[in-house]
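Hi there,

Here is the structure I promised to pass on. Please open it alongside this email, and then read on for what turned up.

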2 protein chains.
Amino acid sequence: MTGVDGNGQTTGRVTMQQVAAEAGVSVSTVSKVINARYGVAPETFEHVTGVINRLGYEASLVARSLRNTRTNVIGVLVADFEPFSTEVLKGVADAIRGTGYELVAYSAGGRVDEHVGWERRYLSRVMGTLVDGAVIVTPTVTDVQYDGPVVAVDPHTGRSSLPTVAADNLQGARIAVDHLIELGHRRIGMVTGRPDLVSAQLREQGYRDAIHAAGLRVDEDLLALGAFDPEQAREAARALLTLPDPPTAIFAANDISALATLDVAVELGIDVPGAVSVVGFDNIPESALAHPPLTTVHQPMRQLGRDATAMLVALIAGEEIDDTHITLDTTLVRRRSTASLEVPS
Amino acid sequence: MTGVDGNGQTTGRVTMQQVAAEAGVSVSTVSKVINARYGVAPETFEHVTGVINRLGYEASLVARSLRNTRTNVIGVLVADFEPFSTEVLKGVADAIRGTGYELVAYSAGGRVDEHVGWERRYLSRVMGTLVDGAVIVTPTVTDVQYDGPVVAVDPHTGRSSLPTVAADNLQGARIAVDHLIELGHRRIGMVTGRPDLVSAQLREQGYRDAIHAAGLRVDEDLLALGAFDPEQAREAARALLTLPDPPTAIFAANDISALATLDVAVELGIDVPGAVSVVGFDNIPESALAHPPLTTVHQPMRQLGRDATAMLVALIAGEEIDDTHITLDTTLVRRRSTASLEVPS
DNA sequence: TTGCCTTTGGAAATCGTTATCGACAACGAT
DNA sequence: ATCGTTGTCGATAACGATTTCCAAAGGCAA
């Protein structure tokens, strides 16, 4: 697997041992050269540097991490690489540029559901050895206790014990429903999210607040449980749309649910936005490509990643943070799944 | 930084030492419990398992990697997390689900340009220790030699020495320009890419092939160097659009260049697609959100990632691969930046 | 030539984990 | 009563790199 060809070009992994042997010095000398330590003769330095370049050697991240406390690597821990976490990842990459840190994104890939507390185990796997600090995306449990430098980007849970960066779910739901009210809608249904997640609770609360603020009252029959699940959301949408007096607009707790609602509308032959307007939440990429393109609430995912990283870097540097719970505003993206209410003749 | 609270809940990193101490056994015993090795009394097993769960211990990826040859981790090495590599990453995540592998994406974050051969150094850092195999996205050099399990997803270079998965640039450029010809265009300009990249050469070749196949001849004045760079692409587009007899359609070597072209058209007061049609290449997310939405050639990025991963897993398993150079077809995404040529009155 | 200091390179310990192997107790069999 | 066997468990040596400490070599002055 590992060898050296005629030009000294290696194929395969190169260790410090090999560099030392090739250069005719000890490993410690090679280490000193790499880390620019005092105590190496200029010509030895030159010679060893040459060998290192020729072999294309670079210190193993693993071995170095194990020995040193600092690794200059920041970790992003995700349950899976879906749209939300990927966008956050890009934001982290943005923020890391020029800081001298490297970036490692880690995912156990689907084996998550086995243990609810995946975040704690992930942290145990990488913190202190592979990475200096970590950004956890979308944790499932709220009671994570960890006193290393860790920041959560957390769309779902409430104020956890960890430093957190999240979008304002309450405000987002408000502007979504306000938008529908402005368009003249009065019977506004909602496909709700997973009741155990704070994000879903807040989005429902925002919905209720907006209705009340408009001087209307909430009709509990117009709330159907979608649970952030495509199948269940379809059922919920179907229930709402087949009501004797169906709503003229539906606010879905996330885009997945909203897209399911669009699907059901097509099935039932109901025109969107002609007969019913639909608003989503999240602004995942697919929402722009839907038919019709989905009006939705945009979460500033990249910015969440950037802010979380800035906070994390500060934490690693040992700085004191005044506010460890940042909330960012959402914005409404108006596309073509919402329209003014046609006044019935 | 690390401690144990009243409930035995640790805050901070947990090592095997701590588990051993807490359980009153040796580290070797803990190791045996974790790896389900023979030679542990049932009640000891039970007891240690309890302590492990209570402390939320999980073995350090780094230390384990260092000791073992196999890590069950696959690495994705990227220069940066931009749209292309992120989509490929999602594909890798797709393919990895259910294989038992974990996924680590690694980026040195912008410090790349310092050394052109970043891929070789990345490999040296992680291969053999942190990961069992790697997918390299967008390598810059063609002569990477490495005999471990490594697959390149490579939109830019030609047939390299590494196993490679790439989109068919020639075919993609053909269908883009064929589309313009079908719409009636005859004077078709091109904003070309970086001449040193094989992808750019192939896209230009596809352009020339399409023109010739239609029985037309290539007007060299209608080719302008965009170099895959936003600024330079703007200049190129400006040059083409301010020609005395400007082209009625422009094929840009990538979406970045196409978006720059749209920009310039707006500046010059030229209507797209009324006065000039524009086609891009890549189908990056931004292209769908442009004004007008960009007609472009879609690279199946996720599929590239999936295929690369499938090949990598086979390589790690030691299987023989017949064809180590896979080429995937591209498809045309028709949006609203292209239209039929208005016949001049 | 001797003694001392400076320069330079090497040996050893360490990080957290795993595999190997040896220690030791309990027990049954002779 | 002694021996061998089985079952448990712990001590130890790696993995690759870094760092601390120490020894060897060379230079210089006396």
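Let me start with a small puzzle: in which loop of chain B is B:Asp80 found? The loop is the one between β3 (73-78) and α5 (83-96). Before going further, please keep in mind that this is a predicted model.

**B:Asp80 and its partners**

B:Asp80 has a relative accessible area of 19%, and because buried means under 20%, this residue counts as buried. Its side chain makes a polar contact with the side chain of A:Arg97, at 2.3 Å. Leaving aside neighbours within four places in sequence, B:Asp80 is in contact with A:Ala93 and A:Arg97 from chain A, and with B:Ser85 and B:Ser107 from chain B.

**The nonpolar cores**

Two of those residues turn up again around A:Leu103. Beyond its neighbours within four places in sequence, A:Leu103 is in contact with residues of both chains, including A:Ala93, A:Ile96, B:Phe81, B:Tyr106 and B:Ser107. A:Leu103 and B:Leu103 have the most contacts inside the largest nonpolar core, which has 50 residues. There is also a second, separate core of 40 residues, and among its members are A:Val126, B:Leu61, B:Leu123 and B:Ala152. As background, nonpolar side chains in soluble globular proteins tend to be buried together.

**DNA strand C**

Now to the DNA. DNA strand C has 26 residues around it, and the nearest are A:Ser26, A:Arg67, B:Met16, B:Tyr57 and B:Arg67. Of the atoms of this strand that come within 4 Å of the protein, 65% belong to sugar and phosphate.

Here are some of the individual pairs you can look up:

- A:Thr29 has a polar side-chain atom 3.2 Å from a phosphate oxygen of DNA strand C.
- B:Arg37 also places a polar side-chain atom by a phosphate oxygen of DNA strand C, at 3.4 Å.
- B:Ala63 uses a polar backbone atom, which is 3.4 Å from a base nitrogen of DNA strand C.

Four elements give two or more residues to the surface near this strand: α2 (27-34) and α4 (61-67) of chain A, and α2 (27-34) and α4 (61-67) of chain B. By class, the surface near DNA strand C has nine nonpolar, eleven polar and six charged residues.

**DNA strand D**

How many residues surround DNA strand D? There are 26, with A:Met16, A:Arg64, B:Thr29, B:Thr44 and B:Arg67 the closest. Sugar or phosphate accounts for 62% of the atoms of DNA strand D within 4 Å of the protein, and bases make up the rest.

Again, a few pairs to look at:

- B:Thr29 has a side-chain N or O atom 2.6 Å from a phosphate oxygen of DNA strand D.
- A:Tyr57 brings a polar side-chain atom to 2.9 Å from a phosphate oxygen of DNA strand D.
- A:Arg37 has a polar side-chain atom 3.4 Å from a phosphate oxygen of DNA strand D.

For DNA strand D, α2 and α4 of chain A and α2 and α4 of chain B each supply at least two residues of the nearby surface. The largest share, four residues, comes from α4(A). This surface divides into nine nonpolar, eleven polar and six charged residues.

**B:Thr296**

Another residue worth a click is B:Thr296, which lies in strand β12 (residues 295-298) of chain B. Is B:Thr296 buried or exposed? B:Thr296 counts as buried because its relative accessibility is 0%. The B:Thr296 side chain makes a polar contact with the side chain of B:Asp255 at 2.6 Å. A polar atom of the same side chain lies 3.3 Å from the backbone oxygen of B:Gly280. Beyond neighbours within four places in sequence, the contacts of B:Thr296 include B:Val279, B:Phe281, B:Ser287, B:Leu332 and B:Arg335.

**Chain A overall, and a caution**

Chain A has twelve helices and 14 strands. Of its 345 residues, 54% count as buried. Among contacts in chain A between residues at least 6 apart in sequence, 68% join residues at least 24 apart.

On confidence, chain A averages a pLDDT of 88, and 90% of the residues score at least 70. The exception to watch is residues 1-10 of chain A, where the pLDDT is below 50; the model gives this stretch 21 contacts beyond near neighbours in sequence. Where pLDDT is low, the predicted coordinates should not be read in detail.

Happy browsing!

How values were computed
Residues are numbered from 1 along each chain as its sequence is written. Chains are lettered from A and ligands numbered from 1 in the order in which they are written. This is a predicted model: local features need pLDDT of at least 70, side-chain atom pairs count only at pLDDT 80 or more; totals for chains, interfaces and linings use all residues. Side-chain values use heavy atoms; hydrogens and water are left out. A residue is near a molecule or strand if one of its heavy atoms lies within 4 Å of it. A polar contact is a pair of N or O atoms within 3.5 Å; within protein, one must be able to donate a hydrogen and the other to accept it, and residues adjacent in sequence count only if both atoms are side-chain atoms. Ala, Val, Leu, Ile, Met, Phe, Trp, Tyr, Cys and Pro count as nonpolar, Asp, Glu, Lys and Arg as charged, and the others, Gly among them, as polar. A nonpolar core is a set of buried Ala, Val, Leu, Ile, Met, Phe, Trp, Tyr and Cys residues joined through side-chain atoms within 4.5 Å. Buried means under 20% relative accessible area, exposed over 50%, partly exposed in between (1.4 Å probe, protein chains only). Contact means heavy atoms within 4.5 Å. pLDDT is the predictor's confidence in each residue, from 0 to 100.
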